[in-house]
Amino acid sequence: MRTAEIVRKTNETDIAVKVNLDGVGTHDIETGIGFLDHMLDQLARHSLVDITVRAKGDLHIDFHHTAEDVGIALGQAIRQALADKTGIRRYASCDLPMDGTLTRCAVDVSGRPFLVFKVEFTRDKVGEMDTELFREFFQAFAMNAGITLHLETFYGDNNHHVAESCFKALARALREAVEIDPRASDRVPSTKGTL
């Protein structure tokens, strides 16, 4: 089974993450940041990756360390669960509409981490979460999952929808990219023979 567990403890956060890439989208998320919990619920549900997150962080300072470190731990768990990436589809993209918002996500599960983030917010916060922390989360996730991740919101009239469309688009693209391709289930999707 393509599963992984990561425990990450620092002076700022204490995080435990479990993932099952071949799950059904079950989720049990507690980060102490309500809006981040909601986004990770959406990530699990729409990717069909089972995700459990338990995070305790220095929220009395701000949400930065917790949001970033959850991205790090979740990315590490995804990377570990993928192992040598044999049989995966590797590439995927999704155009995700949410009412007046449209976001595109494209991923390459390449082992070469990179983030392109062309998403703008018109408010400093969604719920209690600073909107600048969404980029921090996606950066940490992409670097530690070892994926190339492009997120672009073409337009959006609601900051909640802009953020949510990013997580849902990532979920749908990730779902397809990490699926086992039945036509190539015995090989790594690279002419190099490794990813």
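Which residue follows H1, and what is the sign of its phi? Leu48 comes right after H1, and its phi is positive, near 65°. Keep in mind throughout that this is a predicted model. Some notes from going through it, helix by helix and then loop by loop:

1. **Helix H1 on its own.** The 14 residues of H1 should span 20 Å at 1.5 Å a residue, and the end C-alpha atoms do sit 20 Å apart, so expectation and model agree. The buried residues of this helix are Phe35, Leu36, Asp37, Met39, Leu40, Gln42, Leu43, Ala44 and Ser47. Asp37 caught my eye in that list, as a charged side chain counted among the buried ones.

2. **H1 against H4.** Two packed helices are described by the angle between their axes and the distance between the axes. For H1 (residues 34-47) and H4 (residues 159-178), those values are about 30° and 8 Å. The pair therefore counts as roughly parallel, the cut-off for that being an angle under 35 degrees. H1 crosses H4 in the right-handed sense.

3. **Who touches whom in that pair.** From H1, the contact takes in Phe35, Leu36, His38, Met39, Leu40, Gln42, Leu43, His46 and Ser47. H4 brings His160, Ala163, Glu164, Phe167, Lys168, Leu170, Ala171, Arg172 and Arg175. Sorted by type, the residues of this contact come out as 9 nonpolar, 5 polar and 4 charged.

4. **Helix H2.** Here 14 of the 19 residues are buried, so H2 is largely enclosed by the rest of the structure. Its length checks out too: 19 residues at 1.5 Å each should span 27 Å, and the end C-alpha atoms are 27 Å apart. Ala83 follows H2 and has a positive phi, near 50°.

5. **Helix H3.** H3 covers residues 132-145, and its 14 residues should span 20 Å; the end C-alpha atoms are 21 Å apart, which agrees. Buried in this helix are Leu133, Phe134, Phe137, Phe138, Ala140, Phe141, Ala142, Asn144 and Ala145. Gly146 comes after H3 with a positive phi, near 75°.

6. **H2 against H3.** The axes of H2 (residues 64-82) and H3 come within 7 Å and cross at roughly 25°. That angle makes H2 roughly parallel to H3, and the crossing is right-handed. On the H2 side the contact involves His64, Ala67, Glu68, Val70, Gly71, Ile72, Leu74, Gly75, Gln76, Ile78 and Arg79. On the H3 side there are Leu133, Glu136, Phe137, Ala140, Phe141, Met143, Asn144 and Ala145. By type, the residues of this contact divide into 11 nonpolar, 5 polar and 3 charged.

7. **Gly75, in the middle of that contact list.** This glycine belongs to H2 and is buried, with 0% relative accessibility. Leaving out residues up to four places away in sequence, Gly75 touches Phe141, Asn144 and Ala145. Phe138 is 63 residues away from Gly75 along the chain, yet the two C-alpha atoms are 9.3 Å apart.

8. **Asp50.** Is Asp50 buried or exposed? At 17% relative accessibility, Asp50 counts as buried, since the cut-off is under 20%. Asp50 is part of strand S4 (residues 50-57). Not counting neighbours within four places in sequence, Asp50 is in contact with Lys18, Val19, Asn20, Gly23, Val24, Gly25 and Thr26. Ala173 is 123 residues from Asp50 along the chain, with a C-alpha separation of 16 Å.

9. **Lys85.** Most residues other than glycine have a negative phi. Lys85 is not a glycine, but its phi is positive, about 70°. This lysine lies in the loop between H2 and strand S5 (91-98). It is also buried, with a relative accessible area of 4%. I would look at this residue in the model alongside the next one.

10. **Asp99.** Another positive phi away from glycine: Asp99 has one of about 50°. Asp99 sits in the loop between S5 and strand S6 (101-108). With 68% relative accessibility, Asp99 counts as exposed, whereas Lys85 is buried.

Terms used: Residues are numbered from 1 along each chain as its sequence is written. This is a predicted model: local features need pLDDT of at least 70, side-chain atom pairs count only at pLDDT 80 or more; totals for chains, interfaces and linings use all residues. Side-chain values use heavy atoms; hydrogens and water are left out. Axes are lines fitted to C-alpha atoms, for helices over the stretch in contact, and angles run from 0 to 180 degrees between N-to-C directions. Helices (H or I, at least four residues) and strands (E, at least two) are DSSP runs, numbered from the N terminus. Angles under 35 degrees count as roughly parallel, over 145 as roughly antiparallel, 65 to 115 as roughly perpendicular and the rest as oblique. A crossing is left-handed if the near helix is turned anticlockwise from the far one by less than a right angle, and right-handed if clockwise. Contact means heavy atoms within 4.5 Å. The expected span of a helix is 1.5 Å times one less than its number of residues. Buried means under 20% relative accessible area, exposed over 50%, partly exposed in between (1.4 Å probe, protein chains only).
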